[in-house]
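Could you walk me through this model in my viewer, one selection at a time? I would like to know what to click on next and what I should find there.

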Amino acid sequence: MKTDPAVRVSVFDDLDSLSRAAADIFLSVASDAIALRGRFSVALSGGSTPRRLYTLLASSAYQNRVDWSHVHLFWADERCVPPDHRASNFKLLSDTLLGRVFVPEKNIHRMHGEADAEEAAREYENQLSHFFGSSSLPAFDLIMLGMGEDGHTASLFPGSPAVREKKRMVVPVYLDKPNIDRITLTLPVINHAARVLFLAAGKTKAGVIHHILGEGNSREYPAGLVCPESGTITWFLDQEAAGKS
Ligand code: 6PG
């Protein structure tokens with residue numbers, strides 16, 4: 001799997017070992033950021049892949065090794081549903097992590113999925129400007145992303161205008177199927193992160209991943225457009241997603 005030298009790829013036996021390695025990255029980036037700047041800003045994704053990671057971070061093996069009082073949690077995207085809805089990415093974090101570790105309320109920067117998509121996107125842009133300052137793009141210490149079978153990441157879907165957004169930091173996404181609107185960070189914000197970590201597992205991802213990390217034309221997939229300007233990008237794959245089983 002030939003990749004750009006700036007892209008690091010690690011392949012793990014299974015989702016559990018992949019998730020443990022991702023938890024170790026979370027710990028390491030968090031402690032460095034807190035030591036350096038007194039805070040750690042991370043944007044997290046939804047989906048099924050990161051559930052094990054979030055549960056691990058809340059477990060006794062990890063939770064006491066993070067200074068949660070200095071962690072600022074953001075979301076890479078959200079579905080336009082109430083925060084207690086089963087499809088909510090906030091609910092995913094609430095069920096796996098937030099109920100078990102103490103992150104101060106003011107450090108939980110929730111996307112307001114209960115609001116109208118455009119209104120929620122504008123509100124989140126205000127949250128980002130308030131936290132990172134309004135003179136430059138947000139510079140997350142870490143953004144954790146997944147990838148769908150179609151090569152989408154966050155809520156940046158192939159062919160969506162959101163993928164081509166160059167100015168706004170957060171935009172609404174109107175989907176037909178399933179009929180749930182979303183809001184998402186845009187590529188300018190994602191590509192301004194200090195570090196991006198993709199987690200991808202399962203056979204269904206192997207074809208698109210081969211295009212993105214191999215010889216194919218990665219730019220036809222939104223996940224293939226993630227290329228931090230000065231940060232690093234790491235892909236954590238299981239054997240199936242890496243096409244090795
Ligand atoms: C979301 C996620 C989305 C996810 C991919 C992969 O809100 O659904 O942000 O981008 O990361 O769809 O999902 P799985 O991990 O379930 O394959």
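Start by selecting the ligand: in this predicted model, the second largest pocket is where the ligand sits. Keep that pocket in view, since the next few stops belong to it.

**Stop 1: the pocket itself.** The second largest pocket holds about 240 Å³ of space. Its lining has 19 residues, and those closest to the centre of the pocket are Gly46, Gly47, Gly146, Met147 and His152. Colour the lining by class and you should get four nonpolar, ten polar and five charged residues.

**Stop 2: the shell around the ligand.** Now select the residues around the ligand, 16 in total. Thr49, Arg79, His152, Ala154 and Lys205 are the ones that come nearest. By class, this shell consists of two nonpolar, ten polar and four charged residues.

**Stop 3: polar contacts.** Show the side chains of Thr49, Asn89 and Lys205 as sticks and turn on distances. Which atoms of the ligand do they face?

- Thr49 places a polar side-chain atom 2.6 Å from a ligand oxygen atom.
- Lys205 has a side-chain N or O atom 2.7 Å from an oxygen atom of the ligand.
- For Asn89, the distance between a side-chain N or O atom and an oxygen atom of the ligand is 2.9 Å.

Taken on its own, the ligand has 420 Å² of accessible area, and the protein covers 88% of that. Switch to a surface view here if you would like to look at the covering for yourself.

**Stop 4: the cavity.** Hide the ligand and look for enclosed space instead. How many cavities of 30 Å³ or more does the structure hold? There is one, and the largest cavity contains about 30 Å³ of space. To find it, select Ser45, Thr49, Pro50, Met144, Leu145, Gly146 and Leu199, which line this cavity. The cavity lining comprises four nonpolar residues, three polar ones and no charged ones.

**Last stop: Thr49 and Gly146.** Finish by selecting these two. Thr49 lines the largest cavity and is also among the residues nearest the ligand. Gly146 lines the cavity too, and it is one of the residues closest to the centre of the second largest pocket.

Conventions:
Residues numbered from 1 in each chain as written. Predicted model: local features only at pLDDT ≥ 70, side-chain atom pairs only at ≥ 80, totals over all residues. Heavy atoms only, no water. Near = heavy atom within 4 Å. Polar contact = N/O pair within 3.5 Å; in protein donor to acceptor, adjacent residues only side chain to side chain. Areas by Shrake-Rupley, 256 points an atom, 1.4 Å probe, with all protein chains shown as cover. 1 Å grid on protein atoms, 1.4 Å probe; cavity = no way out; pocket = protein on both sides within 12 Å on 5 of 7 lines; lining within 4 Å. Sits in = over half its atoms within 2 Å of the grid points. Nonpolar A, V, L, I, M, F, W, Y, C, P; charged D, E, K, R; others polar. Points joined across faces, edges and corners; volume = space filled by probe spheres on them.
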